[in-house]
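Thank you all for coming. I would like to walk through one structure this morning, beginning with its strands and then moving on to its core and its cysteines.

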Amino acid sequence: MLSLVVGTGRCGSTLVQELLSRHPAVGFVSGLDDKLARLNPKGRFNGALYRRSAPRPAGMTSLRHSRRLLERGRLRVAPSEAYHLLDRQVLAGFSRPCRDLVAEDLTPFVARRLRAFFDERIARQGCQQLVQHVTGWPRTGLLHAAYPELRVVNVVRDGRAVANSWLQMGWWDGWRGPDNWIYGPLPSDLREEWAESARSFQVLAALGWKMLMDAFAQARLRHPADQWLDVRYEDLVEQPREQVGRMLDFLGLSWSPAFEKGFSRYDFTVGRAEAYREELSPAQLVAIERVLEKPLAEWGYPV
């Protein structure tokens with residue numbers, strides 16, 4: 001069965017993906033598979049190799065944007081979004097669509113390629129669940145149209161923290177403006193809010209989170225309720241055993257001794273949960289909260 005871990009990016013979804021991939025019944029597409037996209041590897045030994053490795057160091061970003069040539073934990077088989085592979089083997093625009101990909105975007109041609117891509121890996125890895133990581137636009141509508149039993153774990157994080165983190169990432173292309181960034185044009189109401197902020201980049205990052213979270217809310221409405229689970233990153237780091245247990249139950253997986261061995265290797269800290277309060281100026285934070293007041297409240301974050 002195919003399941004997804006989704007989120008906006010910089011929301012904690014990588015941690016969730018890697019935690020779930022510690023389970024012996026879970027398969028995944030690895031970063032090594034993605035780098036060998038022309039060979040189209042199926043990742044037969046991904047799980048066995050990954051579950052022997054140490055957890056990913058906190059704060060690690062992609063090699064392209066890393067500030068260090070040598071980095072502990074860099075050379076390993078680990079879960080990946082596998083965008084190179086998906087672009088090459090399934091749909092050329094999967095990694096960088098200008099809007100969400102929904103059921104209506106699935107052609108019979110793409111459906112066959114999508115099923116072949118994941119079904120071959122499920123068979124080769126012999127897994128009960130193949131868990132794929134997707135960030136940015138949800139894309140759950142497209143994938144659910146091909147896999148009606150698709151289960152989705154949606155990782156949500158405080159939009160102020162996400163916006164602050166985006167601004168520090170080398171891949172964030174909002175500096176080029178919303179007419180040139182990965183997410184496509186801003187809706188007219190959000191564009192007006194950006195203009196009112198004197199085109200603040202901090203506000204633009206916040207509006208990007210707001211736009212994506214609206215897409216996730218719409219995707220959730222179109223998805224079977226019992227096949228969608230929201231998990232807040234802040235709850236995960238405060239109550240890791242409880243929240244991971246929820247996710248395993250949702251995916252039909254048991255908390256086995258083998259999983260406990262992998263889970264026990266992780267340290268969960270809440271130290272940077274509100275780092276944005278120190279890394280943004282008071283005026284910048286006020287401007288962000290002004291445009292995010294409603295969605296923050298809807299997802300349970302007080303302003």
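Two strands are said to pair here if DSSP finds at least two bridges between them, and with that in mind I start from strand β4, residues 151-156, which is joined to strand β5, residues 228-232, by five bridges, the two running parallel. Please keep in mind throughout that this is a predicted model. Within that pairing, V153 has L229 of β5 as its bridge partner. Strand β4 also pairs with strand β1, residues 2-7, again in the parallel sense, over four bridges, and there N154 of β4 stands opposite V6. As for covering, β4 is mostly shielded, since five of its six residues are buried.

That brings me to the interior. The largest nonpolar core holds 92 residues, and V153 appears among those with the most contacts inside it, together with V16, F118, V244 and M247. The element that gives the most to this core is helix α9, residues 201-222, which supplies 12 residues. If we look at V244 and leave aside residues up to four places away in sequence, we find that it touches L19, L236, W255, F259 and F263.

Finally, the cysteines: how many disulfides does a search of the whole structure find? The search finds zero. For two of the cysteines I can add their surroundings: C11 counts as buried because its relative accessible area is 1%, whereas C98, at 51% relative accessibility, counts as exposed, the cut-offs being under 20% for buried and over 50% for exposed.

Key: Residues are numbered from 1 along each chain as its sequence is written. This is a predicted model: local features need pLDDT of at least 70, side-chain atom pairs count only at pLDDT 80 or more; totals for chains, interfaces and linings use all residues. Side-chain values use heavy atoms; hydrogens and water are left out. Buried means under 20% relative accessible area, exposed over 50%, partly exposed in between (1.4 Å probe, protein chains only). A nonpolar core is a set of buried Ala, Val, Leu, Ile, Met, Phe, Trp, Tyr and Cys residues joined through side-chain atoms within 4.5 Å. Contact means heavy atoms within 4.5 Å. A disulfide is a pair of cysteine sulfur atoms within 2.5 Å.
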